[in-house]
Amino acid sequence: MNIGLFFGSFNPVHVGHLIIANHMANYTDLDKVWLMVSPHNPLKDKNTLINMYDRLEMTRLAVEDSLNITVSDAEFKLPQPSYTIDTLTHLKERYPEHNFSLIMGADNLTSLKKWKNYEILLRDYKIVVYPRSGHNDAELMHHPSVTITNTPMMELSSTFIRRAIKAGKSVRYMVPEPVIRFIESKNLYG
């Protein structure tokens with residue numbers, strides 16, 4: 001099975017994430033997409049992250065009725081911060097029957113050379129890229145391991161959602177209803 005791994009903090013998960021995951025699962029050669037909740041991305045400030053188990057639960061709530069999108073906590077069991085190459089090594093050992101591809105935005109492709117062992121990622125894995133505003137000139141876009149998709153461009157960000165919630169604004173239609181209820185029940189981001 002071809003599994004696309006969509007890594008993220010999902011702080012919180014929003015419809016932009018879900019539209020990208022759904023597009024990848026339905027309009028590419030990927031059979032399923034796993035939303036990989038990252039406890040701590042080494043390129044992000046850990047102080048802005050809420051509890052990883054709350055982020056995991058919100059992500060699960062967001063896709064609970066999906067057939068081809070699921071959530072993984074594989075990185076929770078690995079040393080932190082999480083490095084993609086280490087997670088992929090772990091997943092290949094645990095699920096040798098699957099072919100794993102990385103799903104990333106064009107902005108991440110631009111910064112891929114900063115990632116741990118990025119050469120091995122390019123050598124051993126397919127990278128499926130969705131467009132991001134202002135990031136369409138990455139030198140790696142023409143690498144044989146990279147596939148650029150026509151996924152709808154998403155301008156929505158978790159940072160915007162967090163700021164809106166903190167300001168008391170509605171995030172309806174931007175965040176799935178079960179996730180909004182979870183955020184409200186735990187008074188997250190307020």
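1. Let's start with V146. This valine is buried, with a relative accessible area of 10%. The cut-off for calling a residue buried is under 20% relative accessible area, so V146 qualifies. Keep in mind that you are looking at a predicted model. V146 is part of strand β6.

2. Who surrounds V146? Once you set aside neighbours within four places in sequence, V146 is in contact with L109, L122, I127, V129, L140 and M141. For a sense of distance, try K77: it sits 69 residues from V146 along the chain, and the C-alpha atoms of the two are separated by 28 Å.

3. Now zoom out to the sheet. It is an open sheet of six strands, paired in parallel, and its order reads β3-β2-β1-β4-β5-β6. Which strands stand at the edges? They are β3 (69–72) and β6 (146–148); each has a single partner strand, so one side of each has no neighbour in the sheet. The twist from one strand to the next averages 30°. Since V146 belongs to β6, our opening residue lies in one of the edge strands.

4. Strand β1 is worth a careful look. Is β1 mostly covered or mostly open? Mostly covered: six of its seven residues are buried. Try colouring the strand and checking what lies on either side of it. β1 runs parallel to β2, and six bridges join the two; one of the pairings puts I3 with K32 in β2. β1 also runs parallel to β4, this time with five bridges, and here G4 has S101 in β4 as its bridge partner.

5. Carry on along the sheet to the next pair. Strands β4 (residues 99–105) and β5 (residues 126–130) run parallel and are joined by five bridges. If you want a spot to find on screen, look for G105, which stands opposite Y130 in β5. Two helices pack on the sheet as well. Helix α2 touches β2 (32–37) and β3, and its direction makes about 155° with that of β2. Helix α3 (residues 84–94) touches β1 (2–8), β2 and β4, and its direction makes about 155° with that of β4.

6. My favourite puzzle here is R55, which is found in helix α2 (residues 52–62). This arginine is buried, yet it has no salt bridge. Why not? A salt bridge needs a side-chain nitrogen of Lys or Arg within 4 Å of a carboxyl oxygen of Asp or Glu, and the nearest side chain of opposite charge, E75, is 8.0 Å away from R55. What does the R55 side chain reach instead? It comes to 2.8 Å from the backbone oxygen of S38. Beyond neighbours within four places in sequence, R55 is in contact with S9, F10, N11, V37, S38, P39, L49 and I50.

7. Elsewhere there are salt bridges to find: the structure holds seven. One of them brings together the side chains of D29 and K126, at 2.7 Å from N to O. This pair links distant parts of the chain, 97 residues apart: D29 is in the loop between α1 (15–27) and β2, while K126 is in strand β5. D29 counts as partly exposed at 46% relative accessibility, and K126 is partly exposed too, with a relative accessible area of 27%.

8. Another salt bridge joins K186 and D54, whose closest N and O atoms are 2.9 Å apart. Again the pair links distant parts of the chain: K186 is in helix α7 (residues 177–186) and D54 in helix α2, 132 residues apart. How exposed is each partner? K186 counts as partly exposed at 43% relative accessibility, whereas D54 counts as buried at 12%. So helix α2 offers a nice pair to set side by side: D54 forms a salt bridge with K186, while R55 has none.

9. One last salt bridge to check is R172 with E177, where the closest N and O atoms are 3.5 Å apart. R172 counts as partly exposed at 47% relative accessibility. E177 is partly exposed as well, with a relative accessible area of 35%.

Key:
Residues are numbered from 1 along each chain as its sequence is written. This is a predicted model: local features need pLDDT of at least 70, side-chain atom pairs count only at pLDDT 80 or more; totals for chains, interfaces and linings use all residues. Side-chain values use heavy atoms; hydrogens and water are left out. Helices (H or I, at least four residues) and strands (E, at least two) are DSSP runs, numbered from the N terminus. Buried means under 20% relative accessible area, exposed over 50%, partly exposed in between (1.4 Å probe, protein chains only). Lys and Arg count as positive and Asp and Glu as negative; His and the chain ends are not counted. A polar contact is a pair of N or O atoms within 3.5 Å; within protein, one must be able to donate a hydrogen and the other to accept it, and residues adjacent in sequence count only if both atoms are side-chain atoms. Contact means heavy atoms within 4.5 Å. Two strands pair if DSSP finds at least two bridges between them. Axes are lines fitted to C-alpha atoms, for helices over the stretch in contact, and angles run from 0 to 180 degrees between N-to-C directions.
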